[in-house]
Amino acid sequence: MREYLRELNFTQGTVLQRASTNDEYLALARTVRHYLMSRWMETTTEYYRTQPKGVAYLSAEFLLGRQLGNALLAADLTDIATEALASLGIDIAELAEAEVEPGLGNGGLGRLAACFIDSLATMGVPAIGYGIRYEYGIFRQNFVDGRQVEEPDHWLDNGSPWEFAHPEHEVTVSFGGSTERYTDGEGDDAVERTRWTPGWQVLGVPYNYMVPGYRNQQVNTLRLWSARATHAFDLKIFNYGDYAEAVRAQTFAENISKVLYPEDSTPQGKELRLQQQYFFVACSLRDFIDRLLPGGFDLRRLPERICFQLNDTHPVIAIPELQRILVDEEGLDWDEAWDITRRCFAYTCHTLLPEALEVWPVELLGRLLPRHLEIIYRINDDFLAEVRESRGDDELLVRRMSIIAEHPQRAVRMAHLATVAATKVNGVAELHSQLLRDKVLADFATLWPEKFTNVTNGVTPRRFVRLANPGLSGLITEAIGDGWVTDLDRLRELEPLADDPEFRRRFREVKSANKDRLVELLARRDGIDIDPGTMLDVMVKRLHEYKRQTLKLLHVITLYDRLRSGELDLADTVPRTVVFGAKAAPGYVMAKEIIALINHVGAVINADPEISRVLRIAFPANYDVTVAETLIPAADLSEQISLAGKEASGTGNMKFALNGALTVGTDDGANVEIRQLVGDDHFFLFGLTEPEAAAVAEGGYRPSAYYEENASLRRALDLVARGEFSGGDRSTFEPVVSNLLGEDRFMVLADYQSYLDAQERVEAAYRDPDAWSRSAVLNVARTGFFSSDRSMRDYLDRIWHAERLGGA
Ligand code: 7GP
């Protein structure tokens, strides 16, 4: 408390009586931060002193979510802080609301990175996260007439108490220019080398963030890079007396870390994006080599010290960068350098959509990073020679595997580069890893079967159960003690309690209190009114056609249609609230149309005085980590309905199951493993399997056939086509309808009936609250496997072979 008041007075420069909520939040954040500081310094010193083998997680995205609650939890200060503030008349919850979450990621991939660094710290693994400190994170989503409007995310406006800038540790990053061959040394010692003369440079300034382990005295580091203009750059121009030009140069440099690209599962191919990628990767390698290794360290031993984990292809340019450092700067010969480089990287792929695999035009890469392009060519030449040697002169195979694509333009396939270089390549769920081996990277898996492995994703139980669901956490701890927070397999001990009526009653009480919290949040945040007495049916994730929000919507429209026609009896229908949360990439036109359609359908249904008693749509704008933390614990039903073979893993699916929602889902991604663990009786499976979907596609899929044969599907689509949800205007949603009828790439119509049938089973099950809560308890008890601590153990065993120091 004294600490807190001191922060308020001396750092915020205010007094208790006059402090704003933001002042109070900042003062508390600094107090906690202060408390964690000595552990942070100790962890850092310990790593430096013992030089263990560690992990550097390279990721263009870290979707952290709010920091205060997590820091208090990790430091075990929540109760003390709550009481101390209460005695000053301050409500800690209100103050926590003042924190703007750092939205430095798009969705699954970025949130996964955040879960992983939490687990690494909790497990005492020497690890550092490296990424970009975007000045603007993922856009704020607003709805105007039901359509998505994007606004900039000013997350830094009130200052972030969680970051520590270190301008004195700035790193210079070069771009452009040209390369030349030169002879180094004389006579017998003479060797041919390459010199890169860059065209321009920027500085990278590191910002450090604490990553506190859960009550284990460990605090790891997340280091995010911010771009600045070099001083030389400015000065030269200033000397010509062109002030305006100097400022322009500054802006140009600083653009690199200005904004997160809001694409998800679809790469943008923009020059600035490649600049961002090289920028953060070059800074990170330099930083690791110069600052985390002792002076004079022999880089030939680098693989003994580090594994750089590549979070998808975004950081893959690190591969030629390390090779460049070893060959051009350290003077190692190519083969020796390549052997070292290969042993330092591992690659995780997060997608199955071929169009989501990053490709950089040779023209662009060569202009921005001429030396790296040369290195990539050389890597490719050596690699293709290896292919020819082991597989004969199969030119089709060679063309398929080449790192360089020739069509539609010459371009570097970053996934191929990553696969060629990495010690290990992993997918993010069993099915996904299998499809990577069998389809997406099949030629590589034949050549190097031992390179391929799986690590199923996980989520941190600290944020997504302990913090997000205090009610359930209390109940679990009361039953089995609190060891589950760092050993989630222990949730198994809850299994017998699924048969205990008293436990189930209390479980329902918790769910119902969580629903009340959600009702309160949506009312306050969005002015949305929902009834906590209804089944909460939730679909939250990025808006993408493969995830099939339209399938959910067709179900809702069918219910509406049947209720209206009297086919379904209002009095005998399980009341539901269907909650959507989804951002669309700003350039993804179809996704934005689907958002508008959801909102328009919602407007019509919610305005119907009769039907809205049993069916409502709630679509709060700007779904983010903070909303997820209140929404997920309140859900009854989790919608995981992607076309089988398209969702790499999903991680929302895990969060819902762990919080006691039942899943309606396809046999896709980690759904497969969830269902295996919880059992078929406690999971609503529907839809084509991956092989079935592949066979349908093979045979020539005709969505219109389903439309013609299925009357209720026809009625649902006709309602949209006839303008029922667009004030009679048939043109508004014509693109959505004709896409579904004409192409329907993700087979929504093929899975419609099966989905409807599954929803009928859902309703029937929900009518029996006792059986439903038994299933829900079993979902919690059987999904401890999905802790990101377990994912980290798998990475350690299968990929990193890093050491663990302290930790749990
Ligand atoms: C996502 C996948 O779509 C999701 O299924 C998975 O759970 C998550 O990664 C974490 O592994 N992918 C992305 O978010 C993404 O942007 C770019 O992928 C290739």
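What radius of gyration does the protein chain have, with its 808 residues? Select the whole chain to begin: its radius of gyration is 27 Å, which agrees with the value near 28 Å for a compact globule of 808 residues (taken over C-alpha atoms, with the globule rule being 2.2 Å times the number of residues to the power 0.38). Along the principal axes, the C-alpha atoms fill a box of roughly 95 × 70 × 60 Å.

Before going further, note that this is a predicted model, in which local features need pLDDT of at least 70, side-chain atom pairs count only at pLDDT 80 or more, and totals for chains, interfaces and linings use all residues. Residues are numbered from 1 along each chain as its sequence is written.

Next, switch on the cartoon: you have 33 helices and 25 strands to explore (DSSP runs, H or I of at least four residues for helices and E of at least two for strands, numbered from the N terminus).

Now select residues 370-391, helix α14. Its 22 residues should span 32 Å at 1.5 Å a residue, and the end C-alpha atoms are 31 Å apart, which agrees (the expected span is 1.5 Å times one less than the number of residues). Step on to Gly392, which follows α14 and has a positive phi, near 75°.

Finally, centre on the ligand. It is surrounded by 19 residues, the closest being Gly108, Leu109, His350, Ala648 and Ser649 (near means a C-beta atom, placed from the backbone, within 6 Å). Colour domain 2 (51-66 + 101-456 + 793-800) and domain 3 (461-675 + 687-786): both give residues to this shell, so the ligand lies between them (the bounds come from an automatic or database domain assignment).
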